[in-house]
Amino acid sequence: MSTTTTPSATTGPQPDAATPWHVDGARLTWRGGGETLVVEPWGADSARVRSAQGEVVDTDWALLPAPEAKDARIELDGPVATLVNGGLRVVLTAHDHYHWQGGQRRFRSHVSFQDADGRELLAERESGGALALRARQYDALPAGGWRTALFLESPADEKLVGMGLYQQDHIDLKGCSLELAHRNSQASVPFVISSAGYGMLWHTPAVGRATFGRNGTEWSAESAPQIDYWVTAGATPAQITRAYADATGHAPVMPERGLGYWQCKLRYSSQEQLLEVAREHRRRDLPLDVIVADFFHWPAMGDFRFDDEFWPDPSGMVDELRELGVELMVSVWPQVALTSENFDEMSRQGLLVATNRGIDVQMWFEGPSRFVDTTNPRARAYLWDKLRAGYGRHGIRTFWLDEAEPEFGQYDFGAYRYDAGQALAVTNIYPQTFSRAVFEGQQGDGESEIVNLVRCAWAGSQRYGALLWSGDIHSSWTAMRRQITAGIHVGAAGVPWFTTDIGGFGGGRTDDPAFQELLVRWFQMGAFLPVMRLHGDRAPQVPVVAADGSRRLPSGSGNELWSFGQENYEILARYVRLRERLRDYTRDVMRAAHEDGQPVMRGLFHNFPDDPEAWEVGDQFMHGPDVLVAPVLQPGATSRAVYLPAGARWTDLHTGATHAGGQWVEADAPRHLVPVFTRDGALSDLRGYLVP
């Protein structure tokens with residue numbers, strides 16, 4: 001017997017004697033052997049799947065509430081139920097059979113995802129007959145909860161992108177195994193896009209692992225109440241990222257200050273030192289949108305305010321910067337030192353992350369500290385109250401949310417617990433809630449133009465104005481190369497705002513010619529990143545001492561455009577001015593990120609998915625739809641091979657020469673030039689601009 005229902009055809013769970021499936025609107029439920037499986041539409045061309053030993057639970061870790069599924073329908077045919085939602089078909093099969101070897105009756109269900117034409121995109125693995133394999137696995141934990149795993153059959157020849165920020169070189173993640181956990185310079189965002197035409201979100205903030213093998217995909221969680229994932233079907237990466245943004249939230253409109261150049265170093269040690277850099281930018285007529293006061297501008301970590309001796313007039317500083325057309329961004333760490341003026345109150349009120357065993361200290365940098373528990377709504381409100389009092393009242397509206405993984409002194413996740421649960425089960429949500437604390441505080445105070453730099457992100461972070469940067473990476477050619485791959489994957493994972501420390505964070509000397517070459521090449525690349533930001537801890541360091549003789553953290557050597565010699569300055573100045581000339585174009589690209597969920601930094605595959613070669617290139621990227629950038633990644637190189645995707649005609653921005661797509665070309669790249677090509681005649685007004 002075959003029947004079809006629509007969301008309006010039923011008003012509650014409808015058991016059917018001819019089928020093991022219960023129908024509630026467009027939601028399907030199956031029960032067997034103590035397991036519950038729930039499948040329901042969750043946005044256009046998409047579905048959410050949850051399964052548990054017992055009852056499934058409602059969680060909103062990243063997914064927004066599902067819109068009404070007006071056009072979804074369910075087809076029932078005995079043990080088979082099919083959920084049809086736009087371009088996605090979810091075929092569910094119930095099995096009830098006697099296993100002769102095990103001597104017992106077994107209940108099992110199987111989930112398969114198909115496109116509108118019935119082509120299988122992804123499926124839970126089959127039992128394998130006598131192998132008696134399970135696609136959904138639950139291993140009971142002694143303290144309660146489950147170690148869960150999901151095993152999927154996926155196309156062996158698919159290409160996979162996304163998953164956030166990992167320090168590695170692979171543009172195709174097929175064949176990779178990735179830790180689902182955050183670290184300094186690693187942000188695990190468990191959303192992946194397949195060239196086979198699907199996207200999948202592992203909707204679980206637990207520590208775990210994702211393995212994308214040729215013989216199948218495995219997702220695991222060290223501790224979780226259920227298996228929870230979301231799948232969407234789309235013919236192109238652009239369609240898939242659009243559906244993902246609809247499901248987890250769109251990035252806000254990028255404020256105007258995010259379109260230009262940001263100046264930073266570790267660290268400006270005083271108000272006057274910072275102001276003098278901004279003044280020099282104006283004296284030289286160099287564009288500057290944001291300048292940054294980095295860490296330990298405070299008396300003690302967790303005080304969330306300026307040290308009066310070195311920063312005597314924050315309001316006056318902000319006013320002068322505004323007159324210069326510059327915004328101030330301040331560093332905020334989520335650690336609270338035991339010596340902080342706020343520690344006792346926060347500890348007493350339960351607003352800090354707790355330690356399950358041993359001494360209750362989670363980080364030791366300039367003394368012992370604990371982390372603000374931003375999974376706790378009361379802690380988020382408390383944090384914003386302190387940020388408003390320490391910074392907001394001075395007119396500061398841009399924050400740098402450092403240490404956002406959080407960076408535990410040891411990544412022993414079983415040692416810690418949050419208001420939201422044990423760290424093993426929920427720790428990956430932390431950077432999202434850190435961004436949320438500041439974003440919602442700003443919104444509540446009437447701020448509408450929000451961008452905050454953050455060192456980590458998870459699914460949904462983008463809706464809280466999170467600008468992800470790639471952490472404390474080394475000043476090396478290898479690290480620079482990996483940031484291209486990282487930025488492409490971050491964009492594919494639904495976080496459109498991305499940047500790096502131009503020049504790398506550590507290991508560079510301002511006066512070293514070899515480092516100067518690296519910095520120039522990185523700066524050229526940085527001019528085309530979603531946000532252009534120079535930062536780093538440059539050697540040799542400069543000691544800082546207070547009036548009473550007590551030590552303060554040192555300041556690094558110069559990290560301004562004029563710090564690396566006149567020849568290099570001329571190159572850097574030209575690129576920072578190019579960034580300004582790109583402002584109108586970048587604004588349009590940022591608008592598409594907000595409205596349509598499209599990444600700003602894109603792999604070649606994003607715009608050219610029908611070109612197989614475009615899925616293989618990981619050392620070039622697109623800035624929006626029309627600008628192809630091929631950074632120079634070898635010291636001493638004066639040219640490099642560039643792939644031009646099929647489906648467009650490409651113009652060399654420097655020479656004006658045009659090339660058909662679908663081929664490799666050798667592009668000249670003397671020290672002052674990075675190879676840049678524009679699509680189908682775009683940005684013709686910039687041709688030759690970088691040529692002296």
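In the predicted model described here, strand β10, which spans residues 104–115, supplies the largest share of the lining of the largest cavity, namely 3 residues. The volume of this largest cavity is about 90 Å³, and the count of cavities of 30 Å³ or more comes to 5. The lining of the largest cavity is made up of Glu 35, Phe 107, Arg 108, Ser 109, Arg 125, Leu 133, Arg 134, Ala 135 and Arg 136. When these lining residues are divided by character, 5 are charged, 3 are nonpolar and 1 is polar. Arg 125, one of the residues that line the largest cavity, also lies over the face of Phe 151, at 3.8 Å from the ring centre.

The second largest cavity holds about 50 Å³ of space, and helix α1, formed by residues 237–248, gives the most to its lining, with 3 residues. Thr 241, Tyr 244, Ala 245, Gly 249, His 250 and Ala 251 are among the residues that line the second largest cavity, and the lining also includes Gln 462, Gly 494, Pro 496, Ala 593 and Gly 597. In the second largest cavity the lining divides into 6 polar and 5 nonpolar residues, with no charged residue, whereas the lining of the largest cavity includes 5 charged residues.

Strands of a sheet pair through backbone hydrogen bonds, in either a parallel or an antiparallel sense. In this model, an open sheet of 8 strands shows parallel pairing and runs in the order β33-β32-β31-β28-β23-β22-β21-β35. The edges of this sheet are formed by β33 (498–499) and β35 (532–534), each of which pairs on one side only. Within the 8-stranded sheet, strand β22 (residues 290–293) and strand β23 (residues 327–332) pair in the parallel sense over 4 bridges, and Val 290 stands opposite Glu 327 in β23.

Antiparallel pairing is found in an open sheet of 6 strands, for which the order is β39-β40-β41-β46-β43-β44. Here the edge strands are β39 (601–602) and β44 (658–660), and each pairs on one side only. Strand β43 (residues 649–652) pairs with strand β46 (residues 676–679) in the antiparallel sense over 3 bridges, and Thr 678 in β46 is the bridge partner of Thr 651. In the segment after β46 lies Asp 680, a residue other than glycine whose phi has a positive value, near 50°.

Aromatic contacts were examined by a search of the whole structure, which finds 31 aromatic pairs. For the pair formed by Tyr 138 and Trp 146, the ring centres are 6.3 Å apart and the planes stand at 75°, so the arrangement is edge-to-face, because an angle over 60 degrees is counted in that class. With regard to solvent, Tyr 138 counts as buried because its relative accessibility is 13%, a value under the 20% cut-off. Trp 146, at 24% relative accessibility, counts as partly exposed. One aromatic cluster is formed by Phe 295, Phe 296, Trp 298, Trp 333 and Phe 365. A further contact of a charge with a ring is found at Arg 574, the charged end of which sits over the ring of Tyr 689, 5.9 Å from its centre.

Most residues other than glycine have a negative phi, and most peptide bonds are trans. Against this background, several backbone features of the model may be noted. The peptide bond from Leu 266 to Arg 267 is cis, with omega near -10°, and Arg 267 is found in the loop between β21 (261–263) and α2 (271–283). A cis peptide bond also joins Ala 539 and Pro 540, where omega is about -5°; Pro 540 is placed in the loop between β36 (537–539) and β37 (542–545). A positive phi, near 75°, is found for Met 163, a residue other than glycine. The place of Met 163 is within strand β14, which covers residues 160–165, and Met 163 is buried, with a relative accessible area of 0%.

Definitions and conventions: Residues are numbered from 1 along each chain as its sequence is written. This is a predicted model: local features need pLDDT of at least 70, side-chain atom pairs count only at pLDDT 80 or more; totals for chains, interfaces and linings use all residues. Side-chain values use heavy atoms; hydrogens and water are left out. On a 1 Å grid over the protein atoms alone, a cavity is a set of points where a 1.4 Å probe fits but cannot get out, and a pocket is an open set with protein on both sides within 12 Å along at least five of seven lines; lining residues have an atom within 4 Å of a point. Grid points are joined across faces, edges and corners, and a volume is the space filled by probe spheres set on the points. Helices (H or I, at least four residues) and strands (E, at least two) are DSSP runs, numbered from the N terminus. Ala, Val, Leu, Ile, Met, Phe, Trp, Tyr, Cys and Pro count as nonpolar, Asp, Glu, Lys and Arg as charged, and the others, Gly among them, as polar. Two strands pair if DSSP finds at least two bridges between them. Rings of Phe, Tyr and Trp (its six-membered ring) pair if their centres lie within 6.5 Å; planes under 30 degrees apart count as stacked, over 60 as edge-to-face and the rest as tilted. Buried means under 20% relative accessible area, exposed over 50%, partly exposed in between (1.4 Å probe, protein chains only). A charge sits over a ring if NZ of Lys or CZ of Arg is within 6 Å of the ring centre and within 35 degrees of the ring normal.
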